[in-house]
Amino acid sequence: MDNQSAHGMWSSRMAFILAASGSAVGLGNIWRFPYLASDNGGGAFVLVYLACILAIGLPILFAEVLIGRHGRKSPINTLLGLSRETGHSPLWAVIGVMGMISAILILSFYSVVAGWTLHYAWLYLQQLLGGPGITDGGATFGGMLGSPKTLLIWHSVFMVLTIGVVAMGVEKGLERSVKFLMPALFLVLLILVGYGVSTGHFGKAAAFLFTPDFSKINGDVVLAALGQAFFSLSLGLAGMMAYGAYLPRSVSIPQAGVAIAITDTSVALLAGLAIFPVLFNFGISPTGGGPGLIFTSLPMAFADMWGGIAYGLAFFLLLMVAAWTSSISLLEPPTAYLVERTRLTRANAAMLAGLLVWAIGIVTLLGFNVWSEVKIGGKDLQGAIEFVASDIMLPLGGMLIALYAGWVLDQKLTRNELSQLSDGLYTAWRWSVRVVSPLLVLLILVQKFSG
Ligand code: TRP
C-alpha cells in the first residue's frame with residue numbers, strides 16, 4: 001500500500017474534488033442532459049437519473065477511486081499489482097486495457113466536438129469585434145461540418161490545449177488548471193442562469209424539466225438515465241481510478257465522491273435552467289434537440305436577444321472549458337501508462353498519446369464530410385465510434401469494475417478504504433457493487449444488443 005504515486009499527488013481534498021468534478025462536468029452535462037431530460041419525460045427522467053446516480057453511479061465511483069488509491073499507478077498497472085497482491089488472475093487488468101482503448105476513442109470524438117465550441121466562440125468573438133459572425137445557426141453548423149479544414153484546425157487546437165495541461169503533470173498541470181477553470185465555469189453558468197431567470201420563462205423551463213410525468217417512465221427511459229449517469233460521472237473506463245491514484249490517504253472517498261456527484265448533477269440541472277428559458281423566450285421547441293440544439297437553435301436565440309453576441313461567446317467558452325477539464329482526464333490514463341512502461345518523459349508520453357487521439361479524431365471529422373457516405377451499422381463514423389466506446393465499452397467496464405471491487409478485492413481492503421462509512425452504508429455499498437449495479441448494467445447491455 002503506497003502513500004505516494006510516482007506521477008504526483010493532489011495537494012488537497014479540494015484539488016481532487018475539483019479535478020474529478022472537472023472530469024465529470026463536460027459536454028455530457030451541458031447538451032446531453034437537458035436534451036435527454038426533455039425527450040424522456042422531463043422530471044420523471046430527472047428522478048430516475050438521480051436514483052441511478054445514488055444506487056449505481058456513486059458505488060462504482062467509490063470503487064474506481066478506492067482501487068486507484070490502493071494501487072497508485074495507471075489503471076492497467078494498478079489492476080495488475082492488486083490482482084497479484086490478492087492472489088488473483090492478472091487477466092483482470094483487461095479492465096484497464098479496455099478502459100484505455102475507450103478513453104482514446106472517446107477523446108478522439110470528444111475533441112472534435114469541443115473543437116466546434118471553440119469555432120463558435122471564435123465566431124462570436126469576431127462578431128463582437130465587428131466582424132460577420134453567426135447569423136444563421138443552421139447554416140453555420142452545416143458549413144462547419146462540411147469543411148474538413150475548419151474541423152481539423154479546431155480539433156488540433158483543442159488537442160494541443162489538452163496535451164499541454166497533461167504534459168505539465170498532476171500538480172502543475174491538472175490541478176492548477178482546474179483550480180482556475182472550475183470556478184470560472186461556475187461563474188459563467190450562474191450568470192447564464194441569471195439571464196434565464198430574467199427572460200421571464202424560467203418557471204416554464206423549470207416545470208418542463210422537473211414536473212414528473214410518471215406515465216413516461218418505461219424501460220427506455222430508465223436505461224437512458226442509467227447510461228447518462230455513467231457517462232456524466234466519467235465512470236466505466238477507469239478514468240476515476242487514474243485520478244484516485246493521486247489521492248492522499250487522509251481524504252474520505254465517500255465524502256469526496258458525494259461532493260463530485262452533487263457538483264456534476266447540479267451543473268447538469270443548472271445547464272438546463274440556463275438553456276431552456278432562452279429557447280422558450282424565442283419560441284424555439286427544445287424537443288428532438290441533440291447536438292443541433294446547442295449549435296443551431298441557441299444561436300438563433302442569441303441573434304435575437306440583447307447582448308446575445310456576448311452571451312454566445314460566454315456560453316461557448318463555458319462549454320469549451322467544461323470539455324477541456326474532461327478531456328485531460330481522458331488523456332491522463334494512457335499518458336501515465338506510457339510513463340510507467342517506457343522511458344518517455346511525461347511531456348513526450350502526453351504528446352504521443354495525444355498524437356494517436358488526434359489521428360483517430362481525423363477519421364471522425366472526415367466522416368462528417370469527405371466520408372459522409374461511409375456507414376457502419378447504419379451510423380456515420382463518429383456515431384459508430386461513439387456507440388462502441390460509450391454505449392458498449394463503458395457499461396461493460398463499469399460492470400467489471402464493480403465485480404472486481406465486490407468479489408475480487410478482500411473485504412478488509414475495501415472496508416479500510418471506505419472506513420468513513422457506517423457499517424450499514426458499507427454493507428449497502430458492497431451489495432451494490434456485488435449484485436445490484438452489475439445486474440442493472442447487464443440489463444442495459446442486453447437491451448442494447450436485443451434492441
Ligand atoms: N463526463 C464527461 C462529460 O460528461 C465525459 C468524460 C470524461 C467521460 N471522462 C470520462 C466519460 C470517462 C466516460 C468516462 O462530458
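Me: How do the residues lining the second largest pocket divide into nonpolar, polar and charged?
Reply: In this predicted model, that lining has 10 nonpolar residues, 1 polar residue and no charged ones.

Me: Nice. Which residues are they?
Reply: The lining of the second largest pocket is made of Leu54, Leu58, Pro59, Phe62, Pro254, Val258, Leu421, Leu425, Ala428, Trp429 and Ser432.

Me: And which elements give two or more residues to that lining?
Reply: Those are α3 (43-71), α12 (253-281) and α18 (423-450).

Me: How much space lies in there?
Reply: The second largest pocket holds about 220 Å³.

Me: OK, switching to the ligand. Where does it sit?
Reply: You'll find the ligand in the largest cavity. Helices α1 (13-24), α2 (27-39), α10 (219-232) and α14 (308-341) each give two or more residues to the shell around it.

Me: How many residues surround the ligand, and which are the closest?
Reply: There are 16 around the ligand, and the closest are Ala24, Gly28, Tyr110, Phe231 and Ser234. By class, the shell has 8 nonpolar residues, 8 polar residues and no charged ones.

Me: What about polar atoms, say for Phe231?
Reply: A polar backbone atom of Phe231 is 2.8 Å from a nitrogen atom of the ligand. Ser23 also has a backbone N or O atom 3.3 Å from a ligand nitrogen. With Ser329 the side chain takes part: one of its polar atoms lies 3.4 Å from a nitrogen atom of the ligand.

Me: Last one: how much of the ligand does the protein bury?
Reply: The ligand taken alone exposes 370 Å², and the protein buries 100% of that.

Technical notes
Residues are numbered from 1 along each chain as its sequence is written. This is a predicted model: local features need pLDDT of at least 70, side-chain atom pairs count only at pLDDT 80 or more; totals for chains, interfaces and linings use all residues. Side-chain values use heavy atoms; hydrogens and water are left out. A residue is near a molecule or strand if one of its heavy atoms lies within 4 Å of it. A polar contact is a pair of N or O atoms within 3.5 Å; within protein, one must be able to donate a hydrogen and the other to accept it, and residues adjacent in sequence count only if both atoms are side-chain atoms. Accessible areas come from the Shrake-Rupley method with a 1.4 Å probe; for residues, only the protein chains shown count as cover. On a 1 Å grid over the protein atoms alone, a cavity is a set of points where a 1.4 Å probe fits but cannot get out, and a pocket is an open set with protein on both sides within 12 Å along at least five of seven lines; lining residues have an atom within 4 Å of a point. A molecule sits in a cavity or pocket if more than half of its atoms lie within 2 Å of its grid points. Helices (H or I, at least four residues) and strands (E, at least two) are DSSP runs, numbered from the N terminus. Ala, Val, Leu, Ile, Met, Phe, Trp, Tyr, Cys and Pro count as nonpolar, Asp, Glu, Lys and Arg as charged, and the others, Gly among them, as polar. Grid points are joined across faces, edges and corners, and a volume is the space filled by probe spheres set on the points.
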